[in-house]
Amino acid sequence: MKESIFIWILLSLLSCRSIPAEINETLKGAGSNKSELKKVLRHYSWKDKDSLKFKAACFLIGNMKWHASHKQISNIDKHYARFCRKADSAYFAIYQEKKGHPDSLGKCMKELNKRYRWLADSAKKYDFHQPVVEYKIAADLRSLKSNFLITHIDNAFRQWETSPFARKLTFPEFCEYILPYRSVWGYPSLYSGKEFNQWFAKYVNYDTTASLTQRINRYNQRLTGIRYFFGWQKMKDCGIYNLFFHGHDCTDVAAFGCSILRSCGIPAIIEFCNTYRDFTGRHFYCAVRDSGNIWKYFNPESTLPDNTKWRMGTTMNLYRQYYGAQPDSPYFLKNKDEHLPPLFSTPCIKEITAERLEVCLVTLPFPDTTTNHLAYLAAFDSRKELVPVTWGIINQEHREVRFPQTMTGRLYFPVYYRGQELCPFGPPFYIKKDSLASGGYRLFSFPGDTSNLQSVVLTRKFPRKPNMEKLAGNLVGGTFEGANRKNFSDARTLCTITDPPGPYLQDIILPHPEAYKFYRFVAPEQYSGAHISELQFLSEKKYGYTNTCEPSPAAILRPEETFREKEDTALVMLQEPSPEKMQKRAVFDGNMQTAASSKTIPFHLKHPQIVTRIRFAPQHADNGIRRDDLYELWYWQDGWKSCGTCTARYEYLEFNHVPENTLLWLQNYSEGQEELPFIIRNKQQLFLYYDIK
């Protein structure tokens, strides 16, 4: 018996593959979890037929040192599982009845709601206890267990062998597009591919002849169907059960979508932008590779794969997030002690702007002396920080930097790090296409000239949005009517909007006012909605009406208009018999970003009363100057420098000693996030991208 045991041990040792040296080096950081990771390697090192699985395990564990969760979620209410599993079973039963046809999925939702309303009502009534969320970094090396990884790897190989979209992948492609258990760095909810497959493959792969788009449509329909069933409840940080409720951002949507599609045999990866051209914010989305090796991008749950036209908005530069380290990332290109911006602090991203959008090569002089290898182009950020969005390698010999993925029509700030401080090394610039110029484009810069100073009047912190201008234009032809019969059979037209209104409160003075009990606004016939954000029916104090309050003041946009402030002292705003109900309506709530959704806006009085003027504003983004808000004006000269602060008294601001021919930025400290640089030309405020093209 001893001899048999010895032979078995000897054969085992001979057949077991040795662990690569680089993996052993990685395992040193696993601490007490090292034994769990070695179990995985031993599991796949017994037989020759599992050689690729062993290599896959080495790939996952070897690159695991780059990955972690940024928060820990525990103590998830067990009743999530109870409700969600019942809902999933109920939905799938109806799904099968309808034979899983995408055109029938709307009927599935209605049928689910009809048959299992009791389950949805029970979930709404149940008081789920909140999970415990700890904001701390948890390294994957120290937390992932052998069973998780083994079941995940086995499912990934099963998909590689059977999926029509995955079977053509090479092994390196498989390792990035099917194998990874993580799709977004730092995301806290990790589930093995086996778990995701058990939940979702029955939907995604219901029809094995379905195309890539049809399968993703099934995934989208499944998510929206269950959420329709559970109503519009918002739940977060409840793991996989997030997928049954609302309340998630694009990171949640993309992370789950990518991992689930991989678990069902669809090659997928995450792409993202770290900021937009005009707005603060980032966006994560998915890309999938079809059987023709074409990458198509989409937003899981809401859109389908496409590669024909960019539909993700006006972004800055784009990146793809890999599981394995990318040798051409800034992480490996930097000098040993060189500081990296947060975006590029991981080696697992690759810039892909050139794959999605038009780019050009820009070469800039680099006059500074540094030991750094990298310089950056940064985007404007209204939080008073510049955000590096693409990099270039500094050529010390020629004292220049080449940026190969520079986008046209974007404002860039050339910067590099001096220690951990971000330092400009040239003026901000943007690029405009020009077929007559060398290279097909022309560079326009803002050098920051402070030799001449001027006084300026400012009325906005962000340009007027084209869609808001369109809504205002749609009001032309709309009419205000008065009547004494509720059905307006005796209606009289009081006035008509003849010009597109500006994005502020303005008055229409009625030439021959009479007393009416019913008033209303009627949108032009060709438009379905009356896009008015604020509406006030004003009368005069001399009439002695008691159903009144102080009106919101009409906009005063320049110093010479301040005399109009006295006009309001003689005016009052009429109120309906129930002021509380009135203020709940969008046009009377004081919010410029909400508007009536109907074609008409009624206003009813208890008795006929005289309206002398109508004060209104079209729906807009409320980016003009707001009374009582605190502002600061900045100008660019090797960094943002202050021109002073001011609290708005009217809908304009005055600043003195402002440099001419330089980039300016107006910051609102009181409210709002949308802000954009501009210049002053001929006393006019001209915003980038909108007024300067």
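Which residue takes a positive phi in the hairpin of E32 and E33? In this predicted model, the residue is Asn682, whose phi is positive and near 55°, in a hairpin that has two residues between its strands.

## The hairpin of E32 and E33

Strand E32, which covers residues 678-681, pairs with strand E33, residues 684-687, in the antiparallel sense, and four bridges hold the pairing. Within that pairing Arg681 stands opposite Gln684 in E33.

## Strand E31 and its partner E28

Strand E31 (residues 664-668) is mostly covered, since five of its five residues are buried. In a regular strand the side chains alternate between the two faces of the sheet. In E31, Leu664, Leu666 and Asn668 point one way while Trp665 and Gln667 point the other way, and all of them are buried.

Strand E28, residues 630-636, runs antiparallel to E31 and is joined to E31 by five bridges. Opposite Leu664 of E31 stands Tyr635.

## An open sheet of five strands

Strands of a sheet pair through backbone hydrogen bonds, either parallel or antiparallel. One open sheet of this model is formed by five strands in the order E7-E6-E5-E8-E9, with antiparallel pairing. Strand E7 (295-298) and strand E9 (349-351) stand at the edges with a single partner strand each, so one side of each has no neighbour in the sheet. On average, and with direction ignored, neighbouring strands of this sheet are turned by 35° against each other.

Between strand E8, residues 318-321, and E9 there are three bridges, and the two strands run antiparallel. Arg320 has Lys350 in E9 as its bridge partner. Helix H13 (residues 250-263) packs on the sheet, where it touches strand E5 (268-273), strand E6 (283-289) and E7, and the direction of the helix makes about 20° with that of E6. The side chain of Arg320 also takes part in a contact with a ring, as Arg320 lies over the face of Trp295 at 5.6 Å from the ring centre. A second arrangement of this kind involves Arg277, which lies over the face of Tyr689 at 4.0 Å from the ring centre.

## The buried face of helix H7

Helix H7, residues 117-125, has Leu119, Ala120 and Ala123 among its buried residues. Viewed down the axis of H7, the buried residues fall within an arc of 100°, and they therefore line one face of the helix. The partners against which these buried residues of H7 pack are helix H5 (78-97) and helix H12 (212-229).

## Aromatic pairs

The structure holds 66 aromatic pairs. Trp160 and Phe171 form a tilted pair, with 6.0 Å from centre to centre and 40° between the planes. This pair links distant parts of the chain, eleven residues apart, with Trp160 in helix H9 (residues 146-162) and Phe171 in helix H10 (residues 171-177). Trp160 counts as buried because its relative accessibility is 13%, whereas Phe171, with a relative accessible area of 22%, is partly exposed.

The rings of Phe413 and Trp640 also form a tilted pair, because their planes stand at 55° with the centres 6.1 Å apart. Phe413 belongs to strand E14 (residues 411-418) and Trp640 to strand E29 (residues 640-647), so the pair ties together parts that are 227 residues apart in sequence. Both rings come from buried residues, with a relative accessible area of 0% for Phe413 and of 14% for Trp640. Elsewhere, ring pairs link Tyr80, Phe83, Tyr126, Phe128, Trp199, Tyr241, Phe244 and Phe245 into a cluster.

## The surroundings of Pro388

Pro388 has its place in strand E12, which covers residues 387-395. Is Pro388 buried or exposed? Its relative accessible area is 6%, and Pro388 is therefore buried, the cut-off for that term being under 20%.

When residues up to four places away in sequence are not counted, Pro388 touches Pro341, Leu343, Phe344, Tyr376, Leu377, Ala378, Tyr417 and Leu422. Of these, Tyr417 falls within the residue range of strand E14, 411-418. Pro388 and Lys234 are 154 residues apart in sequence, and their C-alpha atoms are 34 Å apart in space.

Methods: Residues numbered from 1 in each chain as written. Predicted model: local features only at pLDDT ≥ 70, side-chain atom pairs only at ≥ 80, totals over all residues. Heavy atoms only, no water. Buried < 20%, exposed > 50% of the residue type's maximum accessible area, 1.4 Å probe, protein only. Contact = heavy atoms within 4.5 Å. Pairing = 2+ DSSP bridges. Axes fitted to C-alpha atoms, helices over the stretch in contact; angles between N-to-C directions. Arc of directions from axis to C-beta. Phe/Tyr/Trp six-rings, centres within 6.5 Å; stacked < 30°, edge-to-face > 60°. Lys NZ or Arg CZ within 6 Å of the ring centre and 35° of its normal.
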